[in-house]
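Dear colleague,

I am passing on a protein structure for you to look through, and below it I have written down what was found. Please keep it open while you read, so that you can follow along.

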Amino acid sequence: MTIVVLDGYTLNPGDLSWAGLAALGHCTVYDRTSADEMVSRALEAGIVITNKAPLDRDTMHALPNLQYIGVTATGYNMVDTASARDRHIVVTHVPAYSTDSVAQMVFSHLLNLAHHATEHAQSVQQGDWQRCDDFAYWNYPLIELAGRTMGIVGFGRIGRATAKLALAFGMKVLMHNPSARTDLPQGVHPVPLDHLLRESDVVSLHCPLTEHNAGLINKTTLSHMKRSAFLINTSRGPLINEQDLADALNADMIAGAGLDVLSTEPPNKGNPLIKAKNCY
């Protein structure tokens with residue numbers, strides 16, 4: 001079996017071994033593959049491994065031997081799964097590999113927004129504390145998370161892990177999921193999305209990207225949030241209308257945003273969020 005890895009550097013920048021794949025067949029690993037290179041590189045492949053290199057209908061139809069697509073990520077929106085199904089091509093992803101890491105990143109963003117530790121350290125290094133008349137010095141309000149409300153949109157593995165951390169911080173937890181969940185942890189309350197947006201001090205997105213939720217966070221939904229609220233997205237960039245979020249941040253409609261993902265990665269030069277107020 002011929003195996004082609006389209007964008008191996010994302011998964012393995014050099015610290016891992018490809019020997020496990022190589023033992024299964026003739027394996028070629030490319031660090032990166034452009035759209036123009038896709039078909040020529042994978043033409044003989046029965047197995048294609050990808051992370052962010054997209055496999056659309058036309059590409060799949062140009063690969064006559066393709067039987068299996070392995071996505072080395074939790075999301076698989078870069079694969080046209082309907083076309084894969086029509087061709088009887090198996091598609092798999094890795095839903096649990098980053099659960100704890102992503103939940104940890106949510107709280108990295110949240111603690112940054114709550115305490116601004118980096119800005120405080122820089123201010124101290126610049127001598128601002130030395131020039132302060134008081135022993136207590138801070139340059140931002142310090143926000144205690146205990147007793148505040150986190151709203152989690154999407155309650156799969158990562159949403160659940162995030163809820164566990166929120167509860168450990170003493171936060172109240174609201175949850176909205178497209179399909180009903182009956183096995184919720186104690187302390188997690190299911191609510192409609194509008195209710196979650198209105199009541200939450202922190203809104204954290206944990207949705208797979210679908211045709212139904214692209215632009216879920218937009219001018220209208222942002223207007224339902226508290227002016228003191230934070231938005232965190234560690235799932236998929238296109239869940240957010242980026243211009244609408246930038247406008248909301250710059251107008252102080254919400255207090256801040258922590259983003260691990262954008263609609264285009266790396267970001268386009270003109271992405272409005274890069275210089276938006278209180279956006280990290």
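For the charges, Lys and Arg count as positive and Asp and Glu as negative, while His and the chain ends are left out. On that basis the protein chain carries 21 positive and 27 negative charges, and the mean positions of the two groups lie 4 Å apart. Please bear in mind that this is a predicted model.

As for the overall build, the protein chain has eleven helices and eleven strands, and its C-alpha atoms fill a box of roughly 70 × 45 × 35 Å along the principal axes. Of the 280 residues, 41% are buried, and the accessible surface comes to about 15100 Å², with 53% of that belonging to carbon and sulfur atoms.

Turning to the interior, the largest nonpolar core has 28 residues, among which Leu231, Leu245 and Leu273 touch the most other members. Helix H9, strand S9, helix H11 and strand S11 each supply at least two residues of this core, and H11 gives the most, with four. Leucine 231 itself, leaving aside neighbours within four places in sequence, is in contact with ten residues' worth of surroundings that include Val203, Ile217, Leu245 and Ala257.

One more residue to find is threonine 149, which sits in strand S6 (residues 149-153). Is threonine 149 buried or exposed? Threonine 149 counts as buried because its relative accessible area is 11%, which is under the 20% cut-off. Beyond residues up to four places away in sequence, threonine 149 touches several others, including Met171, Leu174 and Val202.

Best wishes

Conventions
Residues are numbered from 1 along each chain as its sequence is written. This is a predicted model: local features need pLDDT of at least 70, side-chain atom pairs count only at pLDDT 80 or more; totals for chains, interfaces and linings use all residues. Side-chain values use heavy atoms; hydrogens and water are left out. Buried means under 20% relative accessible area, exposed over 50%, partly exposed in between (1.4 Å probe, protein chains only). Accessible areas come from the Shrake-Rupley method with a 1.4 Å probe; for residues, only the protein chains shown count as cover. The place of a charge is taken as NZ of Lys, CZ of Arg, CG of Asp or CD of Glu. Contact means heavy atoms within 4.5 Å. A nonpolar core is a set of buried Ala, Val, Leu, Ile, Met, Phe, Trp, Tyr and Cys residues joined through side-chain atoms within 4.5 Å.
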